[in-house]
Amino acid sequence: MQPEQTIYRITLVCSGVPPELGPQGAIDIAEEFTHRDWHQNVLCEWDGTALILHAENDYDKDGKALLDEFSDSICACLEPFDGDIEIRSITILS
């Protein structure tokens, strides 16, 4: 019998995003993550002041891999700006 796989639900926040870039940036980043199928249930949203990324995977217990990929996606999808990304939460789902 195989042990159950651990699934992590990670939430990241990127602050400092110019307000005029946020709404479309959230759409573009969500689309970018459709090409990264090792993350599941990905949602990127603009809350009016920050981009918030939610994703699940089975390997990133500290959220650093997702943080790196979120940073790459922001660089690819938005014009340069000086912002910060932080890990808001990591929840074990199973």
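A residue is called exposed when its relative accessible area is over 50%, buried when it is under 20%, and partly exposed in between. Keep that in mind for the exercises below, which all work on a predicted model.

**Exercise 1. The two sides of helix α2**

Task: Find which residues of α2 are buried and which are exposed, then work out how the buried ones are arranged around the axis.

Solution:
- Step 1. Start with the buried set: Leu 66, Glu 69, Phe 70, Ser 73 and Ile 74.
- Step 2. Look down the axis of α2. These buried residues fall within an arc of 145°, so they line one face of the helix.
- Step 3. Turn to the other side of α2, where Lys 64, Cys 75 and Ala 76 are exposed.
- Step 4. Ask what covers the buried residues. The cover includes β1, α1, β2, β3 and β4 (84–92).
- Step 5. Check the length of the helix. At 1.5 Å a residue, the 14 residues of α2 should span 20 Å, and the end C-alpha atoms are 20 Å apart, which agrees.

**Exercise 2. A serine in α2**

Task: Decide whether Ser 73 is buried or exposed, and list what it touches beyond its sequence neighbours.

Solution:
- Step 1. Place the residue: Ser 73 belongs to helix α2.
- Step 2. Its relative accessibility is 0%, so Ser 73 counts as buried.
- Step 3. Leaving aside residues up to four places away in sequence, Ser 73 touches Ile 29, Glu 32, Phe 33 and Arg 36.

**Exercise 3. Charged pairs**

Task: Count the salt bridges and say which residues are linked in a network.

Solution:
- Step 1. Use the cut-off: a side-chain nitrogen of Lys or Arg must lie within 4 Å of a carboxyl oxygen of Asp or Glu. The count under this rule is three salt bridges.
- Step 2. Take Arg 9 and Glu 56, whose closest N and O atoms are 3.5 Å apart. Arg 9 sits in strand β1 (residues 8–15) and Glu 56 in strand β3 (residues 50–57), so this pair joins distant parts of the chain, 47 residues apart.
- Step 3. Compare the accessibility of the two partners. Arg 9 is partly exposed at 22%, while Glu 56 is buried at 15%.
- Step 4. Move to Arg 36. Its side chain forms a salt bridge with Glu 32 at 3.0 Å, N to O, and another with Glu 69 at 3.0 Å, N to O.
- Step 5. Locate the second of these pairs. Glu 69 lies in helix α2 (residues 64–77) and Arg 36 in the loop between α1 (22–32) and β2 (40–46), so the bridge ties together parts that are 33 residues apart in sequence.
- Step 6. Put them together: Glu 32, Arg 36 and Glu 69 make up a network of salt bridges. Arg 36 is buried at 13%, Glu 69 is buried at 11%, and Glu 32 is partly exposed at 22%.

**Exercise 4. Helix α1 and the nonpolar core**

Task: Describe the buried face of α1 and say which element gives the most residues to the largest nonpolar core.

Solution:
- Step 1. In α1 the buried residues are Gly 22, Gly 25, Ala 26 and Ile 29. Down the helix axis they fall within an arc of 100°, so they line one face of α1.
- Step 2. These buried residues pack against β2, β3 and α2.
- Step 3. The largest nonpolar core has 17 residues, and those with the most contacts inside it are Ile 29, Cys 44, Leu 51, Leu 53, Leu 66 and Phe 70.
- Step 4. Two or more residues of this core come from each of β1, α1, β3 and α2. The most come from β1, with four residues.
- Step 5. Take Leu 53 as an example. Among the residues it touches are Ile 10, Leu 12, Val 42, Cys 44, Leu 66 and Phe 70.

**Exercise 5. Cysteines**

Task: Work out how many disulfides the structure has.

Solution:
- Step 1. Searching the whole structure gives zero disulfides.
- Step 2. Check Cys 14, which is in no disulfide: the nearest cysteine sulfur, in Cys 44, is 8.9 Å away. Cys 14 is buried, at 2% relative accessibility.
- Step 3. Check Cys 77. Its closest cysteine sulfur, also in Cys 44, is 8.8 Å away, too far for a bond. Cys 77 is partly exposed, at 22%.

Note on methods: Residues numbered from 1 in each chain as written. Predicted model: local features only at pLDDT ≥ 70, side-chain atom pairs only at ≥ 80, totals over all residues. Heavy atoms only, no water. Buried < 20%, exposed > 50% of the residue type's maximum accessible area, 1.4 Å probe, protein only. Arc of directions from axis to C-beta. Contact = heavy atoms within 4.5 Å. Core = buried A, V, L, I, M, F, W, Y, C linked by side-chain atoms within 4.5 Å. Expected span 1.5 Å × (residues − 1). Disulfide = S-S within 2.5 Å.
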